[in-house]
Amino acid sequence: VLDYLTDAFSTAICIGDSVTEGVGSVNDYQKVKNFSYPTRLSKMTGWTIENGGKAGLTALQWWQQIFANYDYSQYQVALIELGLNSGLTDTLDADVVGADYTKYADTNTGGYCKIIEGIKAQNEDAFIVLVISTGIGATTKDVINKIGKKYSLPVIDLTDRTYMNLAESKYHPVLSGGNVDYIHLNIMGYLAKAKLIQLGLGEAINSNIAYVNTVLTATANLG
């Protein structure tokens with residue numbers, strides 16, 4: 001059933017930082033990057049997926065430096081996974097005010113919402129899904145859930161251990177000295193992450209069938 005549901009779409013962009021781009025560790029950066037979760041998810045779903053991850057960026061920096069690089073009318077789905085770098089402040093009501101989203105506050109919370117609004121401005125039918133990273137702070141997790149409620153967007157919580165625990169050391173690279181990098185993932189970690197996101201997407205689509213059907217009907221050639 002989940003495979004059928006994820007077949008509803010065919011194109012996506014994954015927005016994020018290093019854990020979207022595919023960073024593993026200093027020693028195997030390129031090796032792991034080639035197995036990023038967008039690459040794995042593309043193989044699982046059959047979708048054409050753009051990896052919009054850029055290591056080290058905050059939500060505001062992604063908006064300022066990367067957003068304009070893409071044409072969002074080309075993507076049916078947008079997955080947003082930001083907040084690991086500097087987090088999001090619980091200032092949603094103060095930072096996201098007014099009809100002109102470009103004037104939202106220059107904070108990470110404001111930047112996060114600018115990304116959502118910017119995508120919607122280019123593609124009102126885009127199916128936007130928010131992703132909560134493992135290792136993210138409690139306040140940031142709470143803010144992402146609030147943003148999801150504000151925009152009526154589904155949220156995939158990777159800290160949820162119902163299916164698997166991505167926080168386990170086996171999914172993370174071991175650095176020199178034997179220390180585990182609990183932020184980034186190893187090759188199997190990105191595979192597990194992609195599977196969790198695939199499951200989350202299936203659930204998100206299943207919970208929004210009427211909306212998805214409306215979008216697909218509007219964009220399909222039914223003649």
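Which residues of α8 are buried? The legends below start from the whole chain and come back to this helix.

**View 1. The whole chain, a predicted model with 10 helices and five strands**. Local features need pLDDT of at least 70 and side-chain atom pairs count only at pLDDT 80 or more, while totals for chains, interfaces and linings use all residues of this predicted model. Residues are numbered from 1 along each chain as its sequence is written, and side-chain values use heavy atoms, with hydrogens and water left out. Helices (H or I, at least four residues) and strands (E, at least two) are DSSP runs, numbered from the N terminus. The radius of gyration of the chain is 17 Å, close to the 17 Å that the globule rule gives for 223 residues, so the chain is as compact as a globular protein of that length. This radius is taken over C-alpha atoms, and the globule rule is 2.2 Å times the number of residues to the power 0.38. Along the principal axes, the C-alpha atoms fill a box of roughly 60 × 40 × 30 Å. Of the 223 residues, 51% are buried; buried means under 20% relative accessible area, exposed over 50%, and partly exposed in between (1.4 Å probe, protein chains only).

**View 2. Helix α8, residues 138-151**. The 14 residues of α8 reach 20 Å from first C-alpha to last, close to the expected 20 Å; the expected span is 1.5 Å times one less than the number of residues. The buried residues of α8 are Thr140, Val143, Ile144, Ile147, Gly148 and Tyr151. Seen down the axis of α8, they fall within an arc of 145 degrees, so they line one face of the helix. The arc is that of the directions from the helix axis to the C-beta atoms. Ala138 and Lys149, on the other side of α8, are exposed. The buried residues pack against α6 (92-95), α7 (108-122), β4 (127-132) and β5 (155-157), where contact means heavy atoms within 4.5 Å. Ser152 follows α8 and has a positive phi, near 55 degrees.

**View 3. Helix α7, one of the elements packed against α8**. In α7, 12 of the 15 residues are buried, so this helix is largely enclosed by the rest of the structure. Among them are Tyr112, Cys113, Ile115, Ile116 and Ile119. The buried residues of α7 pack against β1, α5 (59-65), β3, α6, β4 and α8. From its first C-alpha to its last, α7 reaches 21 Å, close to the 21 Å expected.

**View 4. Strand β3, residues 77-81, and its pairing with β1 and β4**. Five of the five residues of β3 are buried, so the strand is largely enclosed by the rest of the structure. Val77, Leu79 and Glu81 point one way, and Ala78 and Ile80 the other way. In a regular strand the side chains alternate between the two faces of the sheet. Strands β1 (residues 11-16) and β3 run parallel and are joined by five bridges; Ala12 has Val77 as its bridge partner in β3. Two strands pair if DSSP finds at least two bridges between them. Four bridges join β3 to β4, also in parallel, and Leu79 has Val129 as its partner in β4.

**View 5. Strand β4, paired with β5**. Six of the six residues of β4 are buried. Phe127, Val129 and Val131 point one way, whereas Ile128, Leu130 and Ile132 point the other way. Leu130 stands opposite Ile80. Three bridges join β4 and β5 in the parallel sense, and Val131 stands opposite Ile156 in β5.
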